[in-house]
Amino acid sequence: LTGTAVLAGCSGSGVDNAAPTAEVDQQRPNIIYIMSDDHAIRALSAYGSDLADLAPTPNIDRIAQNGALFTNSFVTNSLCGPSRAAMFTGKFGHKNGFNFNGQTFDGSQDTWINSLHDAGYNTAAIGKWHINILPDGFKLDHWELLNDQGEYYNPDWITKDGVTMEHGYTTDMITEKTLTWLEEGRDESKPFALIMHHKAPHRNWMPAPRHTRTFENVEFPVPDTYFDNYDGRKAAAAQEMNIYRDAQEGHDLKMTTGVGETEWRQDIWPHLLARLTDEQRQEWDEAYQARNDYMNANEANWSDEEMALWKYQRYMQDYLATIIAVDESVGAVLDYLDENDLTENTILVYTSDQGFYTGEHGWFDKRFMYEESFRTPLLIQYPAKIAAGTVVEEMVQNIDYAPTFLEYAGVELYGDVDGASMVEVIAGESEQWRDALYYHFYEFPAIHQVGRHYGIRDGRYKLMHFYFRTDDWEFYDLEKDPKEMNNAIDDPAYAAEIERLKARLKDLETQYDVPPMEEWRRMNLREHRTPKPKL
Ligand code: SGN
Ligand code: CA
């Protein structure tokens with residue numbers, strides 16, 4: 001029985017407002033917003049990279065087949081918390097108050113999810129949160145959140161009732177909790193908006209027990225920039241996110257102390273492995289034993305380059321294996337919608353809080369305005385309104401999600417939003433769209449030591465300025481140099497383009513009310529971080 005029929009029936013023969021409202025409600029789309037953490041475009045097969053056949057994501061790809069694939073989707077600041085804050089509000093960090101991890105997001109400000117709740121939606125959030133520990137200020141009818149970064153195994157769950165450690169693999173638990181809420185938890189008389197946020201494939205890349213060995217014999221292609229020497233790029237040279245230099249041999253690469261041993265070499269955060277039960281630990285150790293024994297037996301004979309390449313393979317095998325469970329999770333949600341006749345009228349989004357490096361420039365992690373971390377996957381299906389197989393090439397940004405969801409839901413957008421609704425762009429009916437993107441990364445000094453920088457990217461060129469203890473400009477011609485290896489800031493052939501982009505960057509700063517650079521130069525991160533609440 002549909003919501004309309006139920007409510008119309010209740011109203012009997014008397015004329016009242018219930019029936020029209022219910023009818024509207026039935027037409028309003030549901031929203032399922034699935035966001036993973038650190039999913040590289042290269043690791044999502046719908047984008048057709050060199051990994052597509054080796055490590056496919058068939059379920060996430062279904063969204064592209066059913067709806068739209070965005071080939072130029074970007075973030076405002078390539079870091080978890082700031083990206084989530086921008087996504088929720090439709091505003092840059094300097095307006096929503098969240099510019100680097102460890103700040104507290106004010107959940108009572110305008111967000112698409114709160115607007116939908118005000119408009120009568122049933123709302124829920126399940127999974128990683130990371131813009132504060134508790135969803136204070138958010139209008140959520142239901143929430144089950146991971147504590148801070150969350151753990152891959154036996155994680156702590158935070159609910160209205162407190163903190164509970166539950167046994168299981170986190171990605172699978174997020175799937176189960178989501179399906180349970182869809183099946184039993186939601187109020188079927190209302191449209192729903194569900195936020196489903198995976199921890200995977202975030203560091204330290206621990207696959208599900210069933211996937212630890214999936215890629216053990218697969219050799220992944222090594223990016224030709226893996227041994228980058230960072231010529232002409234000072235910030236790139238100063239980072240601490242090299243797979244072969246900065247990844248922790250234990251914590252990240254699961255390398256053990258010797259042949260026959262099971263202890264991780266470096267384990268600066270031992271609480272993660274310590275969470276495994278004896279049984280889980282045994283299964284885990286067995287899965288890595290032969291490969292680690294081989295590495296330990298041969299290491300002394302390997303050159304630095306051979307070891308760096310071995311580390312690349314280990315990193316990729318685990319990183320990609322954590323994505324399999326995410327892909328299965330998306331498949332389970334899509335199946336649920338199909339089986340319950342919900343597909344047609346549900347907007348289902350898959351994205352990541354930012355892109356990620358899979359060995360390009362030798363790196364893991366994100367932060368830089370270079371393409372691999374500036375871009376982020378985005379796929380949206382909504383069969384009632386989006387044609388199957390749509391490809392959107394316009395440059396969209398995570399500040400566009402809020403206005404888009406509200407327009408699709410027919411709910412009025414609040415003020416001062418930086419993003420724009422993508423509804424017309426998706427329909428191929430947009431006559432005017434942005435021609436340039438603004439980006440700003442603030443989290444320095446901090447883990448991975450990527451310098452503060454901001455910049456502009458248009459369809460072909462990118463201009464970046466690294467500041468705070470440095471003053472370095474970079475400029476790239478993405479058509480000629482898509483891997484951003486040649487900083488052309490001093491190339492006279494580009495002088496006119498560089499001047500043009502500098503002026504355009506100023507325009508964007510004015511358009512988006514970016515505070516004067518002096519404020520950012522002076523900013524001390526410590527003064528803006530808030531202590532975590534006691535649970
Ligand atoms: C943790 C990670 C870092 C990562 C940040 C931010 N280390 O500190 O590698 O850059 O999170 O990531 S870990 O070993 O503790 O996982 S973010 O996606 O949350 O912004
Ligand atoms: Ca992230």
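Angles under 35 degrees between helix axes count as roughly parallel. The model shown in these views is predicted.

**Figure 1. Packing of helix α7 against helix α11.** Two packed helices are described by the angle between their axes and the distance between the axes. Here α7 covers residues 170-185 and α11 covers residues 304-339. Their axes are 9 Å apart, and the packing angle is about 10°. The two helices, α7 and α11, are therefore roughly parallel to each other. On the α7 side, the contact is made by Thr-171, Asp-172, Ile-174, Thr-175, Thr-178, Leu-179 and Leu-182. These meet Ala-325, Val-326, Ser-329, Ala-332, Val-333 and Tyr-336 of α11. Sorted by class, the contact of α7 with α11 holds 8 nonpolar, 4 polar and 1 charged residues.

**Figure 2. Packing of helix α3 against helix α11.** Helix α3 is formed by residues 58-66. Its axis comes within 7 Å of the α11 axis, and the two cross at roughly 50°. That angle makes α3 oblique to α11. From α3, the residues Pro-58, Asn-59, Ile-60 and Arg-62 take part in the contact. Their partners in α11 are Asp-327, Glu-328, Val-330, Gly-331 and Leu-334. The contact of α3 with α11 comprises 4 nonpolar, 2 polar and 3 charged residues.

**Figure 3. Length of helix α11 and the residue that follows.** How far should the 36 residues of α11 span at 1.5 Å a residue? The expected span is 52 Å, and the end C-alpha atoms of α11 are 53 Å apart, which agrees. After α11 comes Asp-341, with a positive phi near 60°.

**Figure 4. Surroundings of ligand 1.** There are 14 residues around ligand 1. Those that come nearest are Leu-79, Cys-80, Arg-203, Asn-204 and Asp-365. By class, the shell around ligand 1 has 4 nonpolar, 6 polar and 4 charged residues. Two of the nearest residues, Arg-203 and Asn-204, are joined by a cis peptide bond with omega about 10°.

**Figure 5. Backbone features of the loop between β8 and α8.** Most residues other than glycine have a negative phi, and most peptide bonds are trans. The loop runs between β8 (192-197) and α8 (234-238), and Asn-204 is found in it. The cis peptide bond at Asn-204 links this residue to Arg-203. Tyr-230 also has its place in the loop between β8 and α8. Although Tyr-230 is not a glycine, its phi is positive, about 60°.

**Figure 6. The cis bond at Pro-445 and the annotated C-terminal span.** The peptide bond from Phe-444 to Pro-445 is cis, and its omega is near 0°. Pro-445 sits in the loop between β13 (436-441) and β14 (452-458). An unreviewed UniProt entry lists residues 359-510 as "domain: N-sulphoglucosamine sulphohydrolase C-terminal". In the model, residues 359-510 are 22% helix and 24% strand. The end C-alpha atoms of that span lie 36 Å apart.

Technical notes:
Residues are numbered from 1 along each chain as its sequence is written. Chains are lettered from A and ligands numbered from 1 in the order in which they are written. This is a predicted model: local features need pLDDT of at least 70, side-chain atom pairs count only at pLDDT 80 or more; totals for chains, interfaces and linings use all residues. Axes are lines fitted to C-alpha atoms, for helices over the stretch in contact, and angles run from 0 to 180 degrees between N-to-C directions. Helices (H or I, at least four residues) and strands (E, at least two) are DSSP runs, numbered from the N terminus. Angles under 35 degrees count as roughly parallel, over 145 as roughly antiparallel, 65 to 115 as roughly perpendicular and the rest as oblique. Two residues are in contact if their C-beta atoms, placed from the backbone, lie within 7 Å. Ala, Val, Leu, Ile, Met, Phe, Trp, Tyr, Cys and Pro count as nonpolar, Asp, Glu, Lys and Arg as charged, and the others, Gly among them, as polar. The expected span of a helix is 1.5 Å times one less than its number of residues. A residue is near a molecule or strand if its C-beta atom, placed from the backbone, lies within 6 Å of it. UniProt positions are given in the numbering used here, feature names are shortened, and annotations may be inferred rather than shown by experiment.
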